[in-house]
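Below is a short report on a single protein chain, written for reading beside the sequence and the coordinates. Terms are given their cut-offs where they come up.

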Amino acid sequence: MMPGMTPPSPSSPLPATSRRIVVTGCDHAYFHLVTELIASVRDHADTPIGVIDCGMTAQQVAQLTAWDIRVITPCLPDYAPKQAVRKRPSLAINISKLWLDQMLPEFDLFLWLDADTWVQDGHALEQMFAAGESRTLAIVPEIGAKIANLLGVRWICPGWMQIRSFLYKNASRARLPFHIRTRIGAKPLLNAGVFCLHRNATIWPVLRRWQALILPRRGMAFTQDQLCMALAVYVDDQPVTFLDNSHNYLGPWLLDERTGQLANLFFPHAPVGIVHMASQKAMRSALDNTMAIPTIQGGTAAVNLRYAGMRGLLRRASRS
């Protein structure tokens with residue numbers, strides 16, 4: 001869906017819950033993606049939606065308000081790197097993720113979806129919410145087919161290796177002690193692009209304690225959310241519920257030509273639940289940009305992974 005269009009109402013909505021909300025955030029440049037995310041959520045669920053405003057235009061804010069979308073002011077604690085946020089206001093989104101329970105007191109259950117995600121299968125939404133009801137961090141660990149080198153190991157010589165994982169490198173940048181770096185360095189990254197938390201989850205203050213330690217040291221506003229989650233789970237033993245990669249699917253990409261849907265690489269190739277277009281800058285910027293991906297049926301197809309791009313494939317499949 002492009003700006004100026006009205007988001008569709010759910011055709012077969014899943015049950016509404018007044019105390020739960022889907023939350024995302026964007027600036028003016030990502031607004032087109034957020035409108036598509038909103039449409040994809042409303043395809044499946046009658047759930048309140050909120051957008052953290054980190055640089056949208058007045059016209060964009062008015063458009064969201066007209067669609068009954070909550071526009072939320074970001075939360076910037078005193079220790080936030082103010083100069084970095086002034087230069088790049090969207091950094092406030094990743095900082096605010098760890099304050100949703102404080103920012104939205106009228107809700108109990110928060111499902112975060114990054115602006116470059118969209119919902120293909122509504123059951124993934126319900127499963128995320130159900131996992132979050134347990135008061136644990138409901139999240140997808142980055143393990144599976146996409147991560148060919150899970151530990152990020154570089155062999156130096158026989159018997160010696162260097163860990164180069166995301167968590168180890170970011171813990172080093174944050175100047176965390178070596179015993180903490182080694183404790184989390186070989187663990188799977190917890191991808192903060194999709195997660196669900198209940199307001200009564202015990203992890204909230206733990207996340208913010210790590211955030212208050214990390215941000216003043218090196219800033220790191222863009223990556224601190226994932227690092228804080230890993231530290232809270234792997235160091236502080238906060239409870240976590242892992243969901244499979246279909247709930248935050250980053251690839252490898254596979255198309256089911258029969259249904260016009262993206263499918264999980266793993267057999268039996270079930271439909272992907274939540275699509276995450278991380279590292280897909282070209283396709284995020286324009287629908288004309290495509291990539292060739294394999295199909296279950298043995299061919300290849302030129303696909304744009306955005307919601308608006310996939311809708312055309314779905315319509316053609318339904319007519320055939």
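Ser134 sits in the loop between α6 and β6; helices (H or I, at least four residues) and strands (E, at least two) are DSSP runs, numbered from the N terminus. The model is predicted, so local features need pLDDT of at least 70 and side-chain atom pairs count only at pLDDT 80 or more, while totals for chains, interfaces and linings use all residues. Residues are numbered from 1 along each chain as its sequence is written, and side-chain values use heavy atoms, with hydrogens and water left out.

Ser134 counts as partly exposed because its relative accessibility is 40%; buried means under 20% relative accessible area, exposed over 50%, and partly exposed in between (1.4 Å probe, protein chains only). Its side chain makes a polar contact with the side chain of Thr136 at 2.9 Å. A polar contact is a pair of N or O atoms within 3.5 Å; within protein, one must be able to donate a hydrogen and the other to accept it, and residues adjacent in sequence count only if both atoms are side-chain atoms. Ser134 is 64 residues from His198 in sequence, and the C-alpha to C-alpha separation in space is 7.7 Å.

Helix α6 covers residues 122-132, and its buried residues are Gly122, Ala124, Leu125, Met128, Phe129, Ala131 and Gly132. At the start of α6, the backbone nitrogen of His123 has a side-chain oxygen of Asp121 within 3.0 Å.

Strand β6 spans residues 137-141; five of the five residues are buried, so the strand is largely enclosed by the rest of the structure. In a regular strand the side chains alternate between the two faces of the sheet. Here Leu137, Ile139 and Pro141 lie on one side of β6, Ala138 and Val140 on the other, and both faces are covered.

β6 belongs to an open sheet of seven strands with mixed pairing, in the order β3-β2-β1-β4-β9-β6-β10. The edge strands, β3 (70-72) and β10 (240-242), each pair on one side only. Direction ignored, neighbouring strands of this sheet are turned by 30 degrees against each other on average. Two strands pair if DSSP finds at least two bridges between them. Three pairings in this sheet are listed here.

| Strands | Sense | Bridges | Example of opposite residues |
|---|---|---|---|
| β6 and β10 | parallel | three | Ile139 and Phe242 |
| β6 and β9 | antiparallel | three | Ala138 and Cys196 |
| β4 and β9 | antiparallel | five | Leu109 and His198 |

In the last row, β4 is residues 109-113 and β9 is residues 190-198.

How do α7 and α10 lie relative to each other? The axes of helix α7 (residues 166-173) and helix α10 (residues 224-234) come within 10 Å and cross at roughly 100 degrees. The two helices are therefore roughly perpendicular. Angles of 65 to 115 degrees fall in that class, whereas those under 35 count as roughly parallel, those over 145 as roughly antiparallel and the rest as oblique. The contact involves Phe166, Leu167, Asn170 and Ala171 of α7, and Gln226, Leu227, Ala230 and Tyr234 of α10. Contact means heavy atoms within 4.5 Å. Axes are lines fitted to C-alpha atoms, for helices over the stretch in contact, with angles running from 0 to 180 degrees between N-to-C directions.

Asn94, in helix α4 (residues 91-96), is buried with a relative accessible area of 12%. Leaving aside residues up to four places away in sequence, Asn94 touches Ala221, Phe222, Gln224 and Asp225.

Some backbone features occur in loops. Gly251 and Pro252 are joined by a cis peptide bond with omega of about 0 degrees, and Pro252 is placed between β10 and β11 (255-256). Another cis peptide bond links Phe267 and Pro268, with omega of about 15 degrees; Pro268 lies between β12 (261-262) and β13 (274-276). Arg175, although not a glycine, has a positive phi of about 60 degrees, in the loop between α7 and α8 (178-184). Ser279 is not a glycine either and has a positive phi of about 65 degrees. Ser279 is in the loop between β13 and α11 (281-285) and counts as exposed at 72% relative accessibility.

Over the chain, there are twelve helices and 15 strands, and 54% of the 320 residues are buried. Among contacts between residues at least 6 apart in sequence, 71% join residues at least 24 apart.
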